[in-house]
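User: Hi! I'm new to this one and would like a walk through it. Could you take me round?

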Protein chains: 2
Amino acid sequence: MGKRKIETLQRIGDDKARQTTFCKRKRGLIKKAIELSMLCDQLIFLVVFDKEKQRLVEYQSHGEFSAKVVARLVDPSLPSSISHEKYTNLDIPNFALQASDL
Amino acid sequence: MGKRKIETLQRIGDDKARQTTFCKRKRGLIKKAIELSMLCDQLIFLVVFDKEKQRLVEYQSHGEFSAKVVARLVDPSLPSSISHEKYTNLDIPNFALQASDL
C-alpha cells in the first residue's frame with residue numbers, strides 16, 4: 001500500500017481507516033521518539049490517549065522519567081533555570097511549512 | 001544534505017552533529033504527534049528533556065491535556081477500565097524490525 005498525501009489534517013471519518021492509521025502512526029511515533037532519545041541523549045515521556053476508546057499508550061525512554069517526575073518538571077512554579085518550549089495543535093502551521101516532511 | 005542510514009542507535013558523539021540531529025528530529029517528532037492527534041482524534045502529551053542542557057520541550061495536543069491530567073491518568077492505582085500499553089527504550093528491537101521505516 002502506498003502513501004497518499006494528506007490533504008487536510010482532519011479526523012479520519014471512516015472507523016476502520018482511522019484505526020489502521022492509528023496503529024501505523026502510533027508505532028512510527030514511538031520509534032521516532034526512541035531514536036531521538038538514544039541518538040541525542042534525551043529523556044522522553046509520551047502519552048497517547050483515546051478518550052472514546054479509553055485506550056492509553058505510554059512511552060517513557062527511561063524508567064526514572066515517569067509521569068510524576070515530568071509533572072514536577074513542567075510545573076511553571078519551578079525555578080526557570082530551565083529553558084522551556086511549548087507547543088500545541090494550534091502550532092501546526094509552523095510545522096506544515098515543510099511539505100517535504102510528510 | 002541527504003539522509004544517512006543509521007547504523008547503530010548510539011548517542012551521537014560530535015556535539016554539533018548531535019545538536020543538528022536534535023533540532024531536526026525534535027521538529028519531526030512534534031509534527032508527527034500533531035498529525036496523529038488530529039487524524040485519529042487522540043489526546044497527546046509529549047515531553048523531551050535534555051538533562052545536560054536543562055532544556056525542556058513540551059507538546060500537549062489540547063490545552064486541557066496537561067501534565068497533571070496525564071499523571072493522574074497513568075497512575076496504576078486507578079481503575080483498570082482503561083487499556084494501557086507501555087514502552088521504553090528497551091523495546092527498540094520490536095520497533096527496529098521494519099528497517100524500511102527509517
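**Getting to know the model**

User: Let's start with one residue. What does Tyr59(B) touch, leaving out residues up to four places away in sequence?
Analyst: Happy to help! This is a predicted model. Tyr59(B) touches Tyr87(A), Thr88(A) and Asn89(A) on chain A, and also Ile30(B), Ala33(B), Ile34(B), Ser37(B), Ile44(B), Phe45(B) and Leu46(B).

User: And which residues have the most contacts inside the largest nonpolar core?
Analyst: They are Ile30, Leu46 and Tyr59 of chain A, along with Ile30, Leu46 and Tyr59 of chain B. That core has 34 residues.

User: Which elements supply at least two residues each to this core?
Analyst: On chain A, they are helix H1 (15-40), strand E1 (43-50), strand E2 (55-60) and helix H3 (92-96). On chain B, they are helix H1 (15-40), strand E1 (43-50), strand E2 (55-60) and helix H3 (92-96).

User: What other core lies apart from it?
Analyst: Another core has 24 residues, including Leu43(A), Val70(A), Leu56(B) and Leu73(B).

User: Okay, stepping back. How many helices and strands are there in chain A?
Analyst: Chain A has three helices and three strands. Read from the N terminus, their order is α-β-β-α-β-α.

User: What share of chain A counts as buried?
Analyst: Of its 102 residues, 43% count as buried. As for contacts in chain A with a separation of 6 or more, 27% are between residues 24 or more positions apart.

User: Now the two chains together. How many residues does each give to the contact?
Analyst: Chain A gives 67 residues and chain B gives 67 residues. The area buried between them is about 6900 Å², with carbon and sulfur atoms giving 61% of it.

User: What about polar contacts and salt bridges between chain A and chain B?
Analyst: There are 40 residue pairs in polar contact between the chains, counting pairs with both residues at pLDDT 80 or more. The salt bridges between chain A and chain B number six.

User: Which elements of chain A give two or more residues to the side that touches chain B?
Analyst: Those are H1, E1, E2, helix H2 (67-73), strand E3 (83-87) and H3 of chain A. H1(A) gives the largest share, 18 residues.

User: How do the residues on that side of chain A divide into nonpolar, polar and charged?
Analyst: There are 34 nonpolar, 16 polar and 17 charged residues on the side of chain A that touches chain B.

User: Back to salt bridges. Where are the partners of the one between Arg25(A) and Glu35(B)?
Analyst: This pair crosses between chains, with Arg25(A) in helix H1 of chain A and Glu35(B) in helix H1 of chain B. Their side chains meet at 2.9 Å, N to O.

User: Buried or exposed, those two?
Analyst: Glu35(B) is buried, because its relative accessible area is 3%. Arg25(A) counts as partly exposed at 22% relative accessibility.

User: Which residue does Glu35(A) meet in a salt bridge?
Analyst: Glu35(A) meets Arg25(B), at 2.9 Å, N to O. Glu35(A) counts as buried at 2% relative accessibility, whereas Arg25(B) is partly exposed with a relative accessible area of 22%. This pair also crosses between chains, from helix H1 of chain A to helix H1 of chain B.

User: Which residues do salt bridges with shared partners join into one network?
Analyst: The network is made of Arg11(A), Glu52(A) and Asp41(B).

User: How many salt bridges are there over all chains?
Analyst: The search of the whole structure finds twelve. One of them joins the side chains of Glu52(A) and Arg11(A), at 3.7 Å, N to O. These two are 41 residues apart, with Glu52(A) in the loop between E1 and E2 of chain A and Arg11(A) in the segment before H1 of chain A. Glu52(A) is exposed, since its relative accessible area is 58%, and Arg11(A) is partly exposed at 40%.

User: Last topic, the backbone. Where does Gln54(A) lie?
Analyst: Gln54(A) lies in the loop between E1 and E2 of chain A. Its phi is near 50°, a positive value in a residue other than glycine. Gln54(A) is partly exposed, with a relative accessible area of 32%.

User: And what is phi of Asp41(B) near?
Analyst: Phi of Asp41(B) is near 55°, again a positive value in a residue other than glycine. Asp41(B) lies in the loop between H1 and E1 of chain B, and counts as partly exposed at 40% relative accessibility.

Technical notes:
Residues are numbered from 1 along each chain as its sequence is written. Chains are lettered from A and ligands numbered from 1 in the order in which they are written. This is a predicted model: local features need pLDDT of at least 70, side-chain atom pairs count only at pLDDT 80 or more; totals for chains, interfaces and linings use all residues. Side-chain values use heavy atoms; hydrogens and water are left out. A nonpolar core is a set of buried Ala, Val, Leu, Ile, Met, Phe, Trp, Tyr and Cys residues joined through side-chain atoms within 4.5 Å. Buried means under 20% relative accessible area, exposed over 50%, partly exposed in between (1.4 Å probe, protein chains only). Helices (H or I, at least four residues) and strands (E, at least two) are DSSP runs, numbered from the N terminus. Contact means heavy atoms within 4.5 Å. Buried area is the accessible area (1.4 Å probe) that two parts lose on being put together, summed over both. A salt bridge is a side-chain nitrogen of Lys or Arg within 4 Å of a carboxyl oxygen of Asp or Glu. A polar contact is a pair of N or O atoms within 3.5 Å; within protein, one must be able to donate a hydrogen and the other to accept it, and residues adjacent in sequence count only if both atoms are side-chain atoms. Ala, Val, Leu, Ile, Met, Phe, Trp, Tyr, Cys and Pro count as nonpolar, Asp, Glu, Lys and Arg as charged, and the others, Gly among them, as polar.
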